[in-house]
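Dear colleague,

Please find below the structure that I am handing over to you. My notes on its salt bridges and on one helix contact follow it.

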Amino acid sequence: MKAREIHIVGNWKMNQTLHEISNFFIEMTKMKMELKCKAWIAPQALHIAILKEMAFTTGAIQVGAQNCSHTDSGAFTGETSPAALADMGVEFVLVGHSERRTIFNEGNEILNQKVLAALKNNLKVIYCVGETLSERESNTTFSVIEEQLKVGLQNVPADKAHLVMIAYEPVWAIGTGKVATAEQAEEVHAFIRGKLTQNSEHAIILYGGSVKPDNIDTLLRKENIDGALVGGASLKASDFRALCSSASVI
Ligand code: PEP
């Protein structure tokens, strides 16, 4: 029995057409699964409203965003307001995914502003951290992650700390098929838990990086791994269901 509730979070990135989304939910409904874990999906912002409607009919899935702005409103063309996400009934937002850090140059300071803006609106935040391959090879994994946590989570108000979740995603494992071993992941998860200054015992810490139905089991059996943030394998209903099924029997 796990100490914390398992969360399986699908990050659809910039994928899925309306037709594919509709098929995904038709398949999910047919499977009639009894979920004993939290099943969440973050589609692209454009699809949040439609996904919420479809997820509502299947009952079990909650919907989030992949990113949000550091501020509620104003002249920020192309951005997504955390206040608007909350207004839409969105449950959670990913902040600091490695693709945001590397492709869109988001550093720990701006990510901290996004974390605080999302929390102000009572959104749950999945704050993503993780080292690159060269950082792992130069033995700086722990210092990189410590800095990402220290700066990214600074000034989180005590009454919002329960809304913060962490995703440990080694950059070298994302979309590459190279999954960290359960031992490698657990070592970093335990380190992260030890560094959290608030709510550390109850905080949900997800692993992300090439999680698939055939490798999730060993990861979830580790004490400090409370679920998975999943890219590729969350796109097909059969895979997403298999991930949730594994999570339901741990
Ligand atoms: C991700 O996008 O957060 C991710 C972990 O992707 P993948 O599962 O495809 O490696």
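A crossing of two helices is called left-handed if the near helix is turned anticlockwise from the far one by less than a right angle, and right-handed if it is turned clockwise. By this convention, α5 passes α7 in a right-handed crossing. Helices here are DSSP runs (H or I, at least four residues), strands likewise (E, at least two), and both are numbered from the N terminus.

The model is a predicted one, in which local features need pLDDT of at least 70 and side-chain atom pairs count only at pLDDT 80 or more, while totals for chains, interfaces and linings use all residues. Residues are numbered from 1 along each chain as its sequence is written, and side-chain values use heavy atoms, with hydrogens and water left out.

To continue with the helix pair, the axes of α5 (residues 108-120) and α7 come within 8 Å and cross at roughly 45 degrees. These axes are lines fitted to C-alpha atoms, for helices over the stretch in contact, with angles running from 0 to 180 degrees between N-to-C directions. The crossing angle makes α5 oblique to α7 (angles under 35 degrees count as roughly parallel, over 145 as roughly antiparallel, 65 to 115 as roughly perpendicular and the rest as oblique). In the contact (heavy atoms within 4.5 Å), N108, E109, N112 and V115 of α5 meet E147, Q148, V151 and G152 of α7.

Turning to charged pairs, a search of the whole structure finds twelve salt bridges (a side-chain nitrogen of Lys or Arg within 4 Å of a carboxyl oxygen of Asp or Glu). One of them joins R100 to E106, with the closest N and O atoms 2.9 Å apart. R100 counts as buried at 19% relative accessibility, and E106 counts as buried at 9% (buried means under 20% relative accessible area, exposed over 50%, partly exposed in between, with a 1.4 Å probe and protein chains only).

Helix α7 also takes part in a salt bridge, between K195 and E146, whose closest N and O atoms are 3.4 Å apart. Since K195 lies in helix α8 (residues 182-195) and E146 in helix α7 (residues 141-152), the pair ties together parts that are 49 residues apart in sequence. K195 is partly exposed at 36%, as is E146 at 34%.

Helix α8 further contributes E183, which meets K222 in a salt bridge (3.4 Å, N to O). K222 lies in the loop between α9 (216-220) and β8 (227-230), so this pair ties together parts that are 39 residues apart in sequence. Finally, R4, R193 and D226 are linked in a network of salt bridges.

With kind regards
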